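Please open the model in your viewer and keep the selection panel at hand. The tour below goes from one selection to the next and says what is there.

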Amino acid sequence: MTNSNSSISKHYHQLTSVQRGQIQAMLDSGITSRTVIAQEVGCHKSTISREIKRGSVLQRDSSYLLYEHYYADTAQIYYEKRRKNCYQRNPLKHYAVFLRMLSRRFKAKFDATSIDEFVGEFKRTMPGYPCPSTPTVYRYIDQGLLDISNIDLPMKLKRRRNKRHHGHGGHALHKKNLGNSIEQRPKEIEDRKTPLHWEGDLVKGVRRKNQPALMTLTERTTRFEVVIKIPDYRASTCQRLLQKEIDQRPDWFKTITFDTDMTKIKNCQIYFAHPYSPWERGTNENCNGLLRQFFPKGKSMKDKTATYVQQATNAINLKHRRILYLFIT
């Protein structure tokens, strides 16, 4: 009985110029059966069908009618041309320019670019050079083929889940009236049609009120990030430094959405998200996640200078975000 799961491996070989000559000779002698030609040449009939199709050129007969004829010499020329342009065997050499720039980028101290963002940026800025797909790059890294490893990459964000967020009825979860609810925010802010509307929050290293923290402000339309280091995250400190930022740049801030008490802020409309509802400030939460590669949880920020904070902020603001390119186009 024949075993269909044979352990003998079948190796594929390219047709030679001699075999192409055999194909032309048999066709010229009137043998057109692909099965018969395949048995004579020593390959599969599908290979013969593809070869005849690729190597045939249009000719005219004595009545000036067009017909296709297979020429071995023409087929060999087409084959050699395809081989010259085909995928190179060593992918590390094929993608040499891309991989060199990738390594330089991800070895940099202050850079928040993800692999997918770098691939998109490379395709836009270097269109003449080969570029692998994002999964291919991750596979090379996991296989240890590159001089960067997973530890050099920014923290991967959690995959988006289809999770229903329950409404709050507008007032039920507020223990006290903090001002205008997010439900009162105009539709043009929700749709991101106009800029200068922000979301804000605190990023903490060590969860003690006398410890330094970061106040983060994210512009909803452009995703531009403002990060302010604060000496502690008491309410009075947060309000004082936010008011100082607004007073220094009065044309920047039309509205800010917080989930903490900012009732004393002047010259800017404040809206309040519901407690324990981070999705209501999703843009800001995303940027806070990006900051965590520079400011890990559980580590004090006392040694982080203003220069360090600004370099981390610049790294996020200079990211090539796909959503912004989609928005522009």
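Select helix α10, residues 235-248 of this predicted model, and check the length of the helix against its residue count: at 1.5 Å a residue, the 14 residues of α10 should span 20 Å, and the C-alpha atoms at the ends of α10 are 20 Å apart, so the two values agree. Now colour α10 by accessibility, and you will find Thr-237, Cys-238, Gln-239, Leu-241, Leu-242, Gln-243, Glu-245 and Ile-246 buried. Among the elements that cover these buried residues of α10 are β4, β5, β6 and β7.

Next, select the sheet itself. Six strands make up an open sheet with mixed pairing, and their order across the sheet is β3-β8-β7-β4-β5-β6. At the edges stand β3 (180-181) and β6 (225-230), each of which has a single partner strand, so that one side of each is left without a neighbour in the sheet. Within the sheet, zoom in on β7 (residues 255-258) and β8 (residues 269-272), which pair in the parallel sense over four bridges; Phe-258 can be found there opposite Phe-272 in β8. With the sheet still displayed, bring back helix α10, which packs on the sheet and touches β4 (197-204), β5 (213-219), β6 and β7, with its direction at about 135° to that of β6. Then add helix α11 (residues 282-291), which also packs on the sheet, where α11 touches β4, β5 and β6 and its direction makes about 130° with that of β5.

Which residues touch the most other members of the largest nonpolar core? Select Leu-217, Ile-230, Leu-242, Ile-256 and Met-262, which have that place among the 21 residues of the core. At least two residues of this core come from each of β4, β5, β6, α10, β7 and β8, and α10 gives the most, with four residues. Centre the view on Ile-230 and, leaving aside residues up to four places away in sequence, you will see that Ile-230 touches Leu-202, Pro-212, Ala-213, Leu-214, Met-215, Thr-237, Cys-238 and Leu-241. A second core, separate from this one, has 15 residues, including Phe-98, Ile-115, Tyr-140 and Ile-148.

Move now to β1 (56-60) and β2 (66-70), which run antiparallel and are joined by five bridges. Pick Gln-59 and you will find Tyr-67 in β2 as its bridge partner. The two strands β1 and β2 form a hairpin with five residues between them, and in the turn Tyr-64 has a positive phi of about 65°, although Tyr-64 is not a glycine. Is Tyr-64 buried or exposed? Tyr-64 is exposed, with a relative accessible area of 64%.

For another positive phi in a residue other than glycine, select Leu-196, where the value is near 75°. Leu-196 lies in the loop between α9 (187-190) and β4, and Leu-196 is partly exposed, with a relative accessible area of 26%.

Finish at helix α2 (residues 34-41), in which the buried residues are Ile-37, Ala-38 and Val-41. These residues cover an arc of only 100° around the axis, which means that they lie on the same side of α2. Their cover includes α1 (17-28) and α3 (45-55). Just after α2, select Gly-42, which takes a positive phi of about 95°.

Key:
Residues are numbered from 1 along each chain as its sequence is written. This is a predicted model: local features need pLDDT of at least 70, side-chain atom pairs count only at pLDDT 80 or more; totals for chains, interfaces and linings use all residues. Side-chain values use heavy atoms; hydrogens and water are left out. Two strands pair if DSSP finds at least two bridges between them. Contact means heavy atoms within 4.5 Å. Axes are lines fitted to C-alpha atoms, for helices over the stretch in contact, and angles run from 0 to 180 degrees between N-to-C directions. The expected span of a helix is 1.5 Å times one less than its number of residues. Buried means under 20% relative accessible area, exposed over 50%, partly exposed in between (1.4 Å probe, protein chains only). A nonpolar core is a set of buried Ala, Val, Leu, Ile, Met, Phe, Trp, Tyr and Cys residues joined through side-chain atoms within 4.5 Å. The arc is that of the directions from the helix axis to the C-beta atoms.
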